[in-house]
Amino acid sequence: MSVVLVTGGNRGIGLAVANRFKASGHTVVISMRTGIAPAGLHGVVMDVTDTESVNAAICEIEEKFGGVDILVANAGITKDGLVMRMSDEDFESVLDTNLMGAFRTARACTRGMLKKKAGRMIFIGSVVGSLGSAGQVNYAATKSGLIGMARSLARELGSRGITANVVAPGFVDTEMTAVLDQERKDAIISSVPLQRFCTTDEIAGVVEFIASDAASYITGAVIPVDGGLGMGH
Ligand code: NDP
């Protein structure tokens, strides 16, 4: 059984992923900024925008559990707005969390994975990283960036038995999408071939597959879980 770290695993997609791995018998550590871990999961305090916090959390996991085998870089935020009104801060904070945060976490996990000559890095991207999204110049840029980062990691670390992939959800029912008004939700649903939002469990199942032995020859891939919304991209 493996040691799994899910960043932002205290709620939403991250929590569903964490519970899925837990149900399969893995040791699951979730990162939180504050609070206590949900029942059955180990918690570590980590703010992905803070290098020292990330490094300290990974050291803590190494000491307690023997290092991360499977990293699910899931923590992410949105700060939507039209480009003309988007401030540097709105762009930079999303970049700092979604892309730099994933980078900081992957970098901190690399040494342990190199030692073990094995590891799985799974980045939670988004369909909008390929499709683009009006009002999400910042967010979409970070999700495209994850693809370049994962593919570079796949090339850099592949010879050491480490894979790096992106799971790219469409619209998922979580607090992140709860802020959308009904008119926008209806417009999205009508453009999705499967005509509904995704559940968090549907993302978790694909993440678990990518971490499994069955996916040992998959690296540098972008796996869509988007109800067909991003077909052809
Ligand atoms: P939620 O808003 O429900 O959860 C976001 C998680 O990220 C929370 O656990 C949050 O922690 C954590 N987080 C945010 N900032 C930081 C930080 N600086 N350091 C550590 N943790 C942080 O979002 P979802 O579950 O919907 O999204 C999870 C991932 O999936 C994101 O990367 C998102 O971009 C992606 N995604 C979501 C889609 C959707 O439709 N919901 C679609 C496509 C991709 P805290 O509780 O402390 O705020």
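**A ligand, its pocket and a few single residues**

Let me start with a polar contact of 2.8 Å that joins the side chains of S133 and Q136, where a polar contact is a pair of N or O atoms within 3.5 Å, of which, within protein, one must be able to donate a hydrogen and the other to accept it, and where residues adjacent in sequence count only if both atoms are side-chain atoms. S133 is found in the loop between α4, residues 128-131, and α5, and the names of these elements follow DSSP runs numbered from the N terminus, with helices being H or I runs of at least four residues and strands being E runs of at least two. S133 counts as buried because its relative accessible area is 18%, and the classes here are buried for under 20%, exposed for over 50% and partly exposed in between, with a 1.4 Å probe and protein chains only.

Before I go on, please keep in mind that this is a predicted model, in which local features need pLDDT of at least 70 and side-chain atom pairs count only at pLDDT 80 or more, while totals for chains, interfaces and linings use all residues. Residues are numbered from 1 along each chain as its sequence is written, and side-chain values use heavy atoms, with hydrogens and water left out.

Now to the ligand. Which residues come nearest to it? Of the 27 residues around the ligand, they are N10, R33, N74, Y139 and T174, and a residue is taken as near if one of its heavy atoms lies within 4 Å. The shell around the ligand divides into 11 nonpolar, 12 polar and 4 charged residues; here Ala, Val, Leu, Ile, Met, Phe, Trp, Tyr, Cys and Pro count as nonpolar, Asp, Glu, Lys and Arg as charged, and the others, Gly among them, as polar. At least two residues of this shell come from each of the helices α1 (12-23), α5 (137-157) and α6 (175-178).

Backbone atoms also approach the ligand: a backbone N or O atom of N74 lies 2.7 Å from a ligand oxygen atom, for I13 the corresponding distance to an oxygen atom of the ligand is 2.8 Å, and for G76 it is 3.4 Å. Taken alone, the ligand exposes 890 Å², and the protein buries 93% of that, with areas from the Shrake-Rupley method and a 1.4 Å probe.

Let me turn to some single residues. S31 is found in strand β2, residues 27-32, and its side chain reaches the backbone nitrogen of G8 at 3.1 Å. Is S31 buried or exposed? With a relative accessible area of 3%, S31 is buried.

G230, in the segment after β7 (222-225), counts as buried at 9% relative accessibility. G230 and V127 are 103 residues apart in sequence, yet 6.0 Å apart in space, C-alpha to C-alpha.

Finally, two residues deserve a word about their backbone. Most residues other than glycine have a negative phi. K117, however, has a positive phi near 55 degrees although it is a residue other than glycine, and Q195, which is not a glycine either, has a positive phi of about 60 degrees. K117 is found in the loop between α3 and β5 (119-124) and is exposed, with a relative accessible area of 56%. Q195 lies in the loop between α7 (182-191) and α8 (200-211), and at 47% relative accessibility it counts as partly exposed.
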